[in-house]
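Here are two short exercises to work through with the structure open beside you. Try each task before reading its solution.

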Amino acid sequence: MTSEHHVLNPATEQVVATVPAATAADVDAAVTRAAAAQRGWAAAAPADRARLLRRFAAVVDEHVEELARLEVREAGHTLGNARWEAGNVRDLLDYAAGGVERLNGRQIPVPGGLDVTLLEPLGVIGVIAPWNFPMPIAAWGTAPALAAGNAVVLKPAETTPLTALRLAELALEAGLPEHLFQVLPGAGPVAGDALVEHPGVAKIVFTGSTRVGKRIMAKCADRVKRVTLELGGKSPNIVFADADIEAAAAATPMSFLDNAGQDCCARTRVLVQRGVYDRFLELLTPAVEEIVVGDPSDERTQMGPLISRTQLDRVRSYVPDDAAGIRGKAPEGPGFWFPPTVLTGLAPDAPAAVEEVFGPVAVVLPFDDEADAVRLANATEYGLSGSIWTRDVGRALRVSGAVRAGNLSVNSHSSVRYWTPFGGYKQSGLGRELGPDALTAFTETKNVFISTEA
Ligand code: NAD
């Protein structure tokens, strides 16, 4: 019997839709169809593949508002964020389309012949996406995989399947071959696991928790299946005394409150040099208190609800009622609301200071000097992102070199651009997505030597 999953609006707790949950047999059938579609796709002229992906991008562009409103309903994202997310899918498809005709192998000098490398598509790619950025993260794997000549079977998160399902419809509307890009909603341990286990899936692109990512990596090891992991984060925001303190404090709230803190790059460990610690908190307090939390479909809203009751309970467990720090406002009543929260006075190894809370909660910790800042920044099992606020260029470069994380920004909190590489150090992940090499990650390199002496 096919089971179903109710999709809730996290701002109201109302059911938005009910979708069937794929079984292992559904996954098997989808992979078989995808393999057949992939053969034709890989054989098509590069210009034709590029043209179809551009058309897909154009169709997404025509539906940005519809996709954004759907994302607001199923994920509680603010309308502004959701529009950006749908636009990001369009841009990724366009960028990937530009790579189809530039996916070049190499010619390497050898004696006695010609040596060339061929970049061949892997086949069928399984993309397993989380709920925090359902559209962009689905597209990070899907767009370059398709551009490199692969087929994709995407399993969205249980709570957020709707935009992914709509994207699959738009792909068909754009003229992409049937079954080349399929979306199968379902439970992680059922449909997700079936993708991981399936011998016909050449690579898994997983974004989600470190806990599940480790299990998937272990299963992939059994088959030497290719895998990319984008996992958790606990990123530092390092504010040196020589920084523009006003600018640093003004930028801090949204660096951990964007998407209600459900962002793997959220700067949730604010490290502030002791000499400016009090001044920084004085500036940060009103900035956090003024954040507008509420109806995500209201254009003025800066922060919406958490995704689910489970997530709300998890976030609550990190914040005792009598915790010292700063508290913003949040609506009462239905919906999974939690106020913007800054915790102070914690030990650097307190759970809220080292574990990924995945909610609107940051800790502020003081440090003494550059070496102390780097030590604290690296005192976590994660290494995804981080920010460095200083006016000293030498220090910015030294600290950028010393912090063990994949995506750093200086005097900014920017992390993700589709045309620059993204990924984690340590337990934040394995492999890189996006950027100029995104397509290559979906190819196998074959070396061919042709003798001139036969
Ligand atoms: P999750 O690990 O619970 O689930 C992610 C996906 O994996 C979902 O689609 C889920 O259904 C599936 N899944 C669960 N168990 C599975 C199994 N046994 N086999 C196969 N698939 C399975 O994570 P989540 O709660 O949806 O997402 C939040 C996490 O994602 C956070 O830790 C966050 O930091 C991380 N994240 C990382 C990045 C990044 O790029 N590094 C980006 C966004 C989110």
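**Exercise 1.** In this predicted model, find which residues line the largest cavity, and sort the lining by class.

*Solution.*
Step 1. Start with the search: across the whole structure there are 5 cavities of 30 Å³ or more. The largest cavity has a volume of about 70 Å³.

Step 2. Collect the lining. The largest cavity is lined by Phe56, Val89, Leu93, Met135, Ala138, Ala139, Thr142, Ala143, Leu154, Leu167 and Phe181.

Step 3. Place the lining on the fold. Two or more lining residues come from each of α4 (79–100) and α5 (134–147). With 5 residues, α5 gives the largest share.

Step 4. Sort by class. The lining of the largest cavity holds 10 nonpolar residues and 1 polar residue, with no charged residues.

**Exercise 2.** Now turn to Asn259 and Ala260: what is the sign of phi at Asn259 and at Ala260, and is Asn259 buried or exposed?

*Solution.*
Step 1. Locate the residues. Asn259 sits in the loop between α9 (245–257) and β11 (269–273), and Ala260 is in the loop between α9 and β11 as well.

Step 2. Recall the usual case: most residues other than glycine have a negative phi.

Step 3. Read the angles. Asn259 is not a glycine, yet its phi is positive, at about 55 degrees. Ala260, also not a glycine, has a positive phi of about 55 degrees.

Step 4. Check burial, using the cut-off of under 20% relative accessible area. Asn259 has 6% relative accessibility, so Asn259 counts as buried. Ala260 is buried too, because its relative accessible area is 2%.

Technical notes:
Residues numbered from 1 in each chain as written. Predicted model: local features only at pLDDT ≥ 70, side-chain atom pairs only at ≥ 80, totals over all residues. Heavy atoms only, no water. Helix = DSSP H or I, 4+ residues; strand = E, 2+ residues; numbered from the N terminus. Buried < 20%, exposed > 50% of the residue type's maximum accessible area, 1.4 Å probe, protein only. 1 Å grid on protein atoms, 1.4 Å probe; cavity = no way out; pocket = protein on both sides within 12 Å on 5 of 7 lines; lining within 4 Å. Points joined across faces, edges and corners; volume = space filled by probe spheres on them. Nonpolar A, V, L, I, M, F, W, Y, C, P; charged D, E, K, R; others polar.
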